[in-house]
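Visitor: I'd like to zoom in on one small part of this model and then follow it outwards. Could you keep it informal and take me through it piece by piece?

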Amino acid sequence: MEFFETLKGCKSIQESLTLLSSYIQITPKIQKAIDFATQAHKDQYRKSGEPYIIHPICVAGIVAFFGGDEAMICSSLLHDVVEDTHFSLQEVEAEFGYEVAQIVDALTKIIELRDENIPQGIPNTKMLSSALSFRKVLLASIKDIRAIFIKICDRLHNMLTLESLSEEKQKKISEETLVVYAPIAYRLGISSIKNELEDRSFYYLFKEEYKRIESFLGENRLVLEGKLEQFVTKLKNLLMQEGFGEEDFEIQHRLKRPYSIYLKMQRKGVGVEEILDLLAVRVIVRSEIDCYKVLGVVHLHLKPIVARFKDYIALPKENGYQTIHTTLFDESTIFEVQIRTFDMQKSAEYGLAAHWKYKMGNQISLDWLSNIEYKDQNIAEFYELVKSDLYKEDIAVFSPRGDVYSLPSGAVALDFAYAVHTELGDKAIGAYVNNQKVSLLERLKSGDIVRIVTGEERGLRSSWIDIVKTSKAKNNLRISCQNKLKEINNKITLQILRTLFNFNKSKEQITDCIERLGLKSILSCEGIKELSKNLVESFRKEGSLFTRLRYLNWEIKKYEIENLKILSHKPIDGVLYDYCCYPKQGDELMGLLENDKVIVHHRLCEKAKIEDKTKMVFVDWVGKVSEKYKVIVLLEDTKGSLARFLSDLAKLDCNLVGISYKGYKDQFFTHFEVVLESGDRNIKELKNTLINKYKIVEFQNLKDAYH
């Protein structure tokens, strides 16, 4: 967009003020905000050496271009004042009013982390600060969507002026932009900003790939544009032959964007020269019925690829996007054709901002904002959940009554259940898709009609957390599994104690004693020992002479068999594993006592029933359990690249737990996902070694699903 290039060229205060005034009248209040911000930032400079005040003025210019009101312009000018200067939010409110102060508060970056749960394993407090700020903006936006829009404009100007930062910061900011801010711009329907954020981020993250695509387009530009011109002429003649007047439509054409081409290369695993559909044409008409007339014309006279036809006019996307997409063959060349009205064009370019700029009705659903689950999450969990909710590819599915629900690509029936209502998700036991009975993990497609079957028996599994796609489903499953594990832990603790005391004490007696002594039911080696010790002392004090004698020399014995430690008051002569849950090193265990042998199960095993008469002992792994890490790596598409990577992991003393090869539509590349154990090696050193040799997209500590 020409405006963005003009914006990027603003290098002085006067140039930025001229830009701002060309899109909005400078009212006394806006002038006051300009003067206030200029004074507040007077001794501050950006990394490029330019006066800092240029940044907030340019952000205000972007907001003005997209039709922002006076309060939004003032908030944009003041958005860094509270964090970066000595002025307080109260002073901003006193000078500019409550409305402006509230937006500024949402936009103020968080630099104090005292009150937040800073997770282990993420040493980068800068990322935490960014994620915390992001959470605050999201929550404030539920009340006032203008805050998140200004935040997007702030990020856009940062991306336009990123060249002055170090390469490390460029990549860090670009990755966050690509996986969080560009998808938010998409959710708000603002394709012009989304496209700019994506292409800028792509340039800084993968410069070689970007240059290769640009080089190919440059070398073939004349040929490609020639094909476009010929196709546009043919299309124009066809429409006029079928009764359209020259003033009734407009045809735009372009080469596809570098990032869009790169995504297609990754999904198909091909080079840029093998991408066939680089050419895109847009037909803009006056009315919706004209859109379908144009569709009829192009399908009658040209060869459509039916599998790639999408009608977003009849079924708009959640972000309000309406356009018919079709793909056509013409003289051995593939063209992507979009058909929309002039109003749809404005809505697609400006999205939510069309509401302000053109006073158009707001057709955008903001349900995704209020549906984001954040209440009980620490910041790392929240950040991951939100990223998973910002998928660019959505599908539309129907309830039996015909209600439309927008879900991320790859969503399953259980995602749909939680999208309808939390209680429906919690009680779901099965589903019907298009009248066919399926499991709750059935992957959905656009157009599916989904009916959820409910029941009292909840069959939810902790392993499903990694299968569902929406944050609402993930969060509710996690809470369900945590509650289930807590309930199981309490049952196991009680049965271990009853077994230790030979069931001489009833369940009620032991429970009452624990409560009266104020003891905590901690299911751990030391916890069981402490509980037992306190109970023995209590029984001695309160019991008869016979009871005191019985517990005189009472103690728990600790056994180590294979790689397990076991607490028992009786001899243990072996360990057996049942063939149902296959617990692996690090999983939480429970031990059932049968004839002096311990039957080991995973603590969340569905087969192992804990009843009043079940004899149990405490069982756990011996020694330190190696922590598991998930590594997402982008490998070259060459023979032996995976083998070399795995060989290097072996040399670094890493134990490979699992590997998968996937191309996720919510990510910006096709990648390998590897789960490994690091042994005693310094994890930071391991991470740096891999990053220096490979394109590591993600490296994170992998906790068990039920944590």
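Which residues of helix 16 are buried?

Guide: Six names to look for: Met344, Gln345, Ser347, Ala348, Glu349 and Tyr350 are the buried residues of helix 16. "Buried" is under 20% relative accessible area and "exposed" over 50%, with partly exposed in between (1.4 Å probe, protein chains only). Before going on, note that this is a predicted model: local features need pLDDT of at least 70 and side-chain atom pairs 80 or more, while totals for chains, interfaces and linings use all residues. Residues are numbered from 1 along each chain as its sequence is written, and side-chain values use heavy atoms, leaving out hydrogens and water.

Start with Ser347, which sits in helix 16, residues 342-350 (helices, H or I and at least four residues, and strands, E and at least two, are DSSP runs numbered from the N terminus). Ser347 counts as buried because its relative accessible area is 18%. Skip its neighbours within four places in sequence, and Ser347 is in contact (heavy atoms within 4.5 Å) with Gly189, Gly320, Ala354 and Met360. Just after the helix comes Gly351, with a positive phi near 50 degrees.

Now pick up Tyr350, another of the buried residues of helix 16. Tyr350 belongs to one aromatic cluster that also takes in Phe3, Phe4, Tyr23, Phe65, Phe66, Phe149, Trp356 and Tyr358. The whole structure has 24 aromatic pairs; rings of Phe, Tyr and Trp (its six-membered ring) pair if their centres lie within 6.5 Å, with planes under 30 degrees apart stacked, over 60 edge-to-face and the rest tilted. Phe3 and Tyr23 are one such pair, with ring centres 5.4 Å apart and planes at 85 degrees, so they meet edge-to-face. That pair links distant parts of the chain: Phe3 is in helix 1 (residues 2-8), while Tyr23 is in the loop between helix 2 (13-21) and helix 3 (28-40), 20 residues away. The two partners sit in different surroundings: Phe3 is buried, at 5% relative accessible area, whereas Tyr23 is partly exposed, at 36%.

Two other cluster members, Phe66 and Phe149, take you into the largest nonpolar core (buried Ala, Val, Leu, Ile, Met, Phe, Trp, Tyr and Cys joined through side-chain atoms within 4.5 Å). That core has 70 residues, and the ones touching the most other members are Phe66, Ile73, Leu78, Phe149, Ile193 and Leu197. Take Ile73: leaving out neighbours within four places in sequence, Ile73 is in contact with Leu20, Ile24, Ile30, Ala60, Val63, Ala64 and Gly68. Apart from this core lies another, of 47 residues, including Leu263, Met265, Val298 and Ile324.

For a second helix to set beside helix 16, go to helix 20, residues 413-420. Helix 20 is largely enclosed by the rest of the structure because 6 of its 8 residues are buried. The buried ones are Ala413, Leu414, Asp415, Phe416, Ala417 and Tyr418. Among the elements covering them are strand 7 (394-398), strand 8 (404-408) and strand 9 (428-433). Strand 11 (450-454) is also part of that cover, along with helix 21 (422-427) and helix 22 (471-500).
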